[in-house]
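Visitor: I am new to this structure and would like to go through it by question and answer. Please show it to me before we begin.

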Amino acid sequence: MASEMIIDHREKANALLKADADKILKLIKVQMDNLTMPQCPLYEEVLDTQMFGLSREIDFAVRLGLVEDRVGKSILDELERELSALHEASQKK
């Protein structure tokens, strides 16, 4: 029973972190489409703040043993790749 609870907490932590990464991506997409360009300080500030917050969430989950370090890094790496592709696409417009 206890091991099932641990697995459940780990799955929930992983899902929540991925959902937060998706929220950041959507926020940046909206900002790029409607508000500012990637060179704008507001864009950079929002991106930096959101990425820092997510990295702290991941660090906390890793320290609690809910997420493996490699999984946390993978979430951040994937988000950075997606944001980079989004940035490149906006530059081509």
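Visitor: Is Asp-69 buried, partly exposed or exposed?
Guide: In this predicted model, Asp-69 has a relative accessible area of 41%. Buried would require under 20% and exposed over 50%. Asp-69 therefore counts as partly exposed.

Visitor: Which residue forms a salt bridge with Asp-69?
Guide: The partner has a relative accessible area of 47% and is partly exposed. The two residues lie four apart in helix α3, so about one helical turn separates them. The closest N and O atoms are 3.2 Å apart, and the partner is Lys-73.

Visitor: Which residues are joined into one network by salt bridges that share partners?
Guide: One of the bridges is between the side chains of Arg-56 and Asp-59, at 3.3 Å from N to O. Arg-56 is partly exposed at 40% relative accessibility, and Asp-59 is partly exposed at 27%. Salt bridges with shared partners make one network of Arg-56, Asp-59 and Arg-63.

Visitor: What separates Arg-56 and Asp-59 along their helix?
Guide: Both residues belong to helix α2. They are three residues apart there, so the separation is about one helical turn.

Visitor: Which residue meets Asp-8 in a salt bridge?
Guide: Asp-8 is partly exposed, with 31% relative accessibility. Its partner sits four residues away in helix α1, which means a separation of about one helical turn. The partner is also in the partly exposed class, at 47%. The side chains meet at 3.4 Å, N to O, and the partner is Lys-12.

Visitor: How many salt bridges does a search of the whole structure find?
Guide: Among them are the pair Asp-8 and Lys-12, and the pair Lys-73 and Asp-69. For the whole structure, the search gives a total of seven.

Visitor: What pattern does the protein chain follow along the sequence?
Guide: The chain has three helices and zero strands. Read along the sequence, the pattern is α-α-α.

Visitor: What length does α3 reach from its first C-alpha to its last?
Guide: α3 has 24 residues. At 1.5 Å a residue, the expected length is 34 Å. The value in the model is close to that, at 35 Å.

Visitor: Which residues of α3 are buried?
Guide: The test is a relative accessible area under 20%. In α3 the residues that count as buried are Gly-72, Ile-75, Leu-76, Leu-79, Leu-83, Leu-86 and Ser-90.

Visitor: Which residues does Leu-83 touch, leaving out those up to four places away in sequence?
Guide: Leu-83 is one of the buried residues of α3. A contact here means heavy atoms within 4.5 Å. With sequence neighbours up to four places away left out, Leu-83 touches Leu-25, Ile-28, Leu-47 and Met-51.

Visitor: Which element gives the most to the largest nonpolar core?
Guide: This core has 19 residues, and Leu-17, Ile-28, Met-51, Leu-54, Leu-79 and Leu-83 touch the most other members. Two or more residues come from each of α1 (2–35), α2 (41–64) and α3 (69–92). With seven residues, the element that gives the most is α1.

Visitor: What share of the residues in the protein chain is buried?
Guide: The chain has 93 residues. It exposes about 6600 Å², with 58% of this supplied by carbon and sulfur atoms. Buried residues make up 26%.

Notes:
Residues numbered from 1 in each chain as written. Predicted model: local features only at pLDDT ≥ 70, side-chain atom pairs only at ≥ 80, totals over all residues. Heavy atoms only, no water. Buried < 20%, exposed > 50% of the residue type's maximum accessible area, 1.4 Å probe, protein only. Areas by Shrake-Rupley, 256 points an atom, 1.4 Å probe, with all protein chains shown as cover. Core = buried A, V, L, I, M, F, W, Y, C linked by side-chain atoms within 4.5 Å. Expected span 1.5 Å × (residues − 1). Salt bridge = Lys/Arg side-chain N within 4 Å of Asp/Glu carboxyl O.
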